[in-house]
Amino acid sequence: MGPFSAGPDPHPRRGRAGRVPGDEPRLFATLREVYGLPHDAPPAAYRRLADTWRPYRSWASFLFRASTFGVMDDREGARS
């Protein structure tokens, strides 16, 4: 299990729902491409963006990351 899988918890009854991984290069690369964020965007920019997905931040993060499975392996910022 990697940092992305261990980070967010999509179950609201556990009190941690809607969290976004704090440092996930593959997710951040996808968000830069989709939302046109600059490569040097600070983590706070990703958090502000993710706040618009509340209370589904964990699920949105998962879906954004999953949407690039097998596609982003050769792009900068991606890791296996």
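**Reading the packing of α2 and α4**

Me: I understand that α2 and α4 are roughly perpendicular to each other. How are two packed helices described?

Reply: Two packed helices are described by the angle between their axes together with the distance between those axes. This model is a predicted one, and in it helix α2, residues 25-35, packs against helix α4, residues 57-66, at an angle of about 85°, with the two axes 9 Å apart. Angles of 65 to 115 degrees count as roughly perpendicular, and this pair is therefore placed in that class.

Me: Which residues of α2 and α4 make the contact, and how many of them are nonpolar, polar and charged?

Reply: On the α2 side the contact is made by R26, L27, T30, L31, V34 and Y35, while α4 contributes S61, F64 and R65. Sorted by class, the contact of α2 with α4 comprises five nonpolar residues, two polar ones and two charged ones. To follow one side chain through this region, take F64, which touches L27, T30, L31, V34, Y35 and W53 when residues up to four places away in sequence are not counted.

Me: Before going further, how many helices and strands does the protein have, and what share of its residues counts as buried?

Reply: The protein has four helices and zero strands, so that, read from the N terminus on, the order of its elements is α-α-α-α. Of its 80 residues, 32% count as buried. As for how the chain comes together, among contacts between residues at least 6 apart in sequence, 56% join residues at least 24 apart.

Me: Which residues make up the largest nonpolar core, and which helix gives the most to it?

Reply: The general idea is that in soluble globular proteins nonpolar side chains tend to be buried together. Here the largest nonpolar core has 11 residues in all, namely L27, F28, L31, A41, A45, Y46, L49, A50, W53, A60 and F64. Helices α2, α3 (43-51) and α4 each supply at least two residues of this core, and α3 gives the most, with four residues. Note that L27, L31 and F64 belong to this core and that these residues also take part in the contact of α2 with α4.

Me: How many salt bridges does a search of the whole structure find, and which residue forms one with E24?

Reply: A salt bridge is judged by a side-chain nitrogen of Lys or Arg lying within 4 Å of a carboxyl oxygen of Asp or Glu, and the search of the whole structure finds two. In one of them E24 pairs with R65, the closest N and O atoms being 3.1 Å apart. Because E24 lies in the loop between α1 (3-6) and α2, whereas R65 lies in helix α4, the pair ties together parts that are 41 residues apart in sequence. E24 is buried, with a relative accessible area of 2%, whereas R65, at 22%, counts as partly exposed.

Me: And which residue forms a salt bridge with R57, and is R57 buried or exposed?

Reply: R57 is paired with D51, with 3.0 Å between the closest N and O atoms. R57 is buried, its relative accessible area being 13%, while D51, which is found in helix α3, is partly exposed at 39%. D51 also illustrates how residues distant along the chain can be compared in space, for its C-alpha atom is 9.2 Å from that of V20, although the two are 31 residues apart along the chain.

Me: Where is P55, and which residues does the cis peptide bond join?

Reply: P55 has its place in the loop between α3 and α4, and the cis peptide bond joins R54 to P55, with omega at about 5°. The loop between α3 and α4 also holds Y56, which is exposed, with a relative accessible area of 54%. The C-alpha atoms of Y56 and R19 are 8.4 Å apart, the two residues being 37 apart in sequence.

Me: Is P21 buried or exposed, and in which loop is P21 found?

Reply: P21 is found in the loop between α1 and α2, and at 7% relative accessibility P21 counts as buried. Its C-alpha atom lies 8.1 Å from that of S58, a residue 37 places away along the chain.

Notes
Residues numbered from 1 in each chain as written. Predicted model: local features only at pLDDT ≥ 70, side-chain atom pairs only at ≥ 80, totals over all residues. Heavy atoms only, no water. Axes fitted to C-alpha atoms, helices over the stretch in contact; angles between N-to-C directions. Parallel < 35°, antiparallel > 145°, perpendicular 65-115°, else oblique. Contact = heavy atoms within 4.5 Å. Nonpolar A, V, L, I, M, F, W, Y, C, P; charged D, E, K, R; others polar. Core = buried A, V, L, I, M, F, W, Y, C linked by side-chain atoms within 4.5 Å. Buried < 20%, exposed > 50% of the residue type's maximum accessible area, 1.4 Å probe, protein only.
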